[in-house]
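Here is a set of short questions and answers for a first look. Keep the structure open as you read.

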Protein chains: 2
Amino acid sequence: MTVAHPGLTVWFTGLSGSGKSTLSLAVHEQLCATGYRVQLLDGDEVRLFLSRDLGFSKQDRDENIRRIGYVAELLSKNGVITLVSAISPYRSARDAVRARIPNFLEVYVNAPVEECERRDVKGLYKRARAGEIKSFTGVSDPYEPPQGPELECRTDLETVPQSIERVIDAILVRVG
Amino acid sequence: MTVAHPGLTVWFTGLSGSGKSTLSLAVHEQLCATGYRVQLLDGDEVRLFLSRDLGFSKQDRDENIRRIGYVAELLSKNGVITLVSAISPYRSARDAVRARIPNFLEVYVNAPVEECERRDVKGLYKRARAGEIKSFTGVSDPYEPPQGPELECRTDLETVPQSIERVIDAILVRVG
């Protein structure tokens, strides 16, 4: 059964290792199980399809976010709850997407960089510190935190189930 | 009111001036009026959002079609009738999209190149003949016709309303 509802874009932004994937995957699973039309756009995966030509300069990152934003816009205007999980480090790029999507919910997945580095799930911080990865957000590249996110999940202070519940609640308020 | 239905990608391929835009716009309008969830992806417009980096070499055209195909796949798997209007001159690129989308309907919008050139709605053939546009499909670049399209509209032999009706009928068979 599918639930009829308006579309929405939920944009998870935060450092590598902050918990974006964990959170967005769990939210996706719960909403699917309830019968919502929901699509997860993972930044790394979308890059493979839409942005093979792009690197990690500010210009390329912004272009990548612009493309993901376009896809999220198309999906959410067609009634899909679209979850985007992407570091999206630059505020202006995120705000440009927000400006185009009427129903937009920014979730700042926030943990101190020291905590993200301690987790280092993918071993990327270690490689960044060793200089093997250039332009690594939080180490050698900037991250500009949202100034007015609809939701902030301090994943170092709250449990994963707590974060999931808060995101789901915020979504349900929007889509009814 | 929105009609519940499975998603579908309707892919209009054909020369510049063959009637893809006319046809896809009219089909879009009729389906919207009936309450279907429908999204039109126009090749030229999508280029502005997803493929500003790409030109008109075979490689770039194929990459452009690959990106449009990815977006069409996401939309149609989420229950949207997605109309793609793009010259998409290379068979292998179209077939690669078809292979990824379960509910796929290829519409070959076909008029002889002489007829398309006679229409020359956008004045592009004139510019191509004058050498102002390089790699122009049908003039200086190949067009590979579909070998097994679900539908062929000979826009030089049938009227626009006839073509529209045949496309709509084919869509309704698929989405019920």
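Q: Which residues are exposed on the other side of helix 4 of chain A, away from its buried residues?
A: This is a predicted model. Start with the covered side: A:Ala93, A:Arg94 and A:Val97 are the buried residues of helix 4 (residues 91-100) of chain A. They span an arc of only 100° around the axis, so they lie on the same side of helix 4 of chain A. On the other side, the exposed residues are A:Ser92 and A:Ala99.

Q: What covers the buried residues of helix 4 of chain A?
A: The residues to be covered are A:Ala93, A:Arg94 and A:Val97. Their cover in chain A includes strand 1 (8-13), helix 3 (58-77) and strand 4 (104-110).

Q: How many residues of strand 4 of chain A are buried?
A: Look at both faces. A:Phe104, A:Glu106, A:Tyr108 and A:Asn110 point one way, A:Leu105, A:Val107 and A:Val109 point the other way, and all are buried. The count for strand 4 of chain A is seven of seven.

Q: Which residue of strand 4 of chain A does A:Val10 stand opposite?
A: Strand 1 and strand 4 of chain A run parallel, joined by five bridges. Opposite A:Val10 in strand 4 of chain A stands A:Leu105.

Q: Which residue of strand 5 of chain A stands opposite A:Val109?
A: Strand 4 of chain A also pairs with strand 5 (residues 151-154) of chain A. Four bridges join these parallel strands. The residue opposite A:Val109 is A:Cys153.

Q: What relation do chain A and chain B have?
A: A turn of 180° and a shift of 0.0 Å along the axis lay chain A on chain B, with an RMSD of 0.0 Å. Therefore the relation is that of a two-fold axis. The same surface serves both copies, and the share of contact residues of chain A that recur in chain B is 100%.

Q: Which helix gives the largest share of the side of chain A that touches chain B?
A: The contact takes 15 residues from chain A and 15 residues from chain B. Helix 2 (43-50) and helix 3 of chain A each supply at least two residues of chain A's side. The largest share is five residues, and it comes from helix 3 of chain A.

Q: How many residues on the side of chain A that touches chain B are nonpolar?
A: Sort that side by class. Four residues are polar and three are charged. The nonpolar residues number eight.

Q: What ipTM does the model score?
A: Chain A averages a pLDDT of 95, and 98% of the residues score at least 70. The model's pTM is 0.93, and its ipTM is 0.92.

Note on methods
Residues are numbered from 1 along each chain as its sequence is written. Chains are lettered from A and ligands numbered from 1 in the order in which they are written. This is a predicted model: local features need pLDDT of at least 70, side-chain atom pairs count only at pLDDT 80 or more; totals for chains, interfaces and linings use all residues. A residue is buried if 20 or more other C-beta atoms lie within 10 Å of its own, exposed if 12 or fewer, and partly exposed in between; C-beta atoms are placed from the backbone. The arc is that of the directions from the helix axis to the C-beta atoms. Two residues are in contact if their C-beta atoms, placed from the backbone, lie within 7 Å. Copies are superposed by least squares on the C-alpha atoms of residues with pLDDT of at least 70 in both. Ala, Val, Leu, Ile, Met, Phe, Trp, Tyr, Cys and Pro count as nonpolar, Asp, Glu, Lys and Arg as charged, and the others, Gly among them, as polar. pLDDT is the predictor's confidence in each residue, from 0 to 100. Two strands pair if DSSP finds at least two bridges between them.
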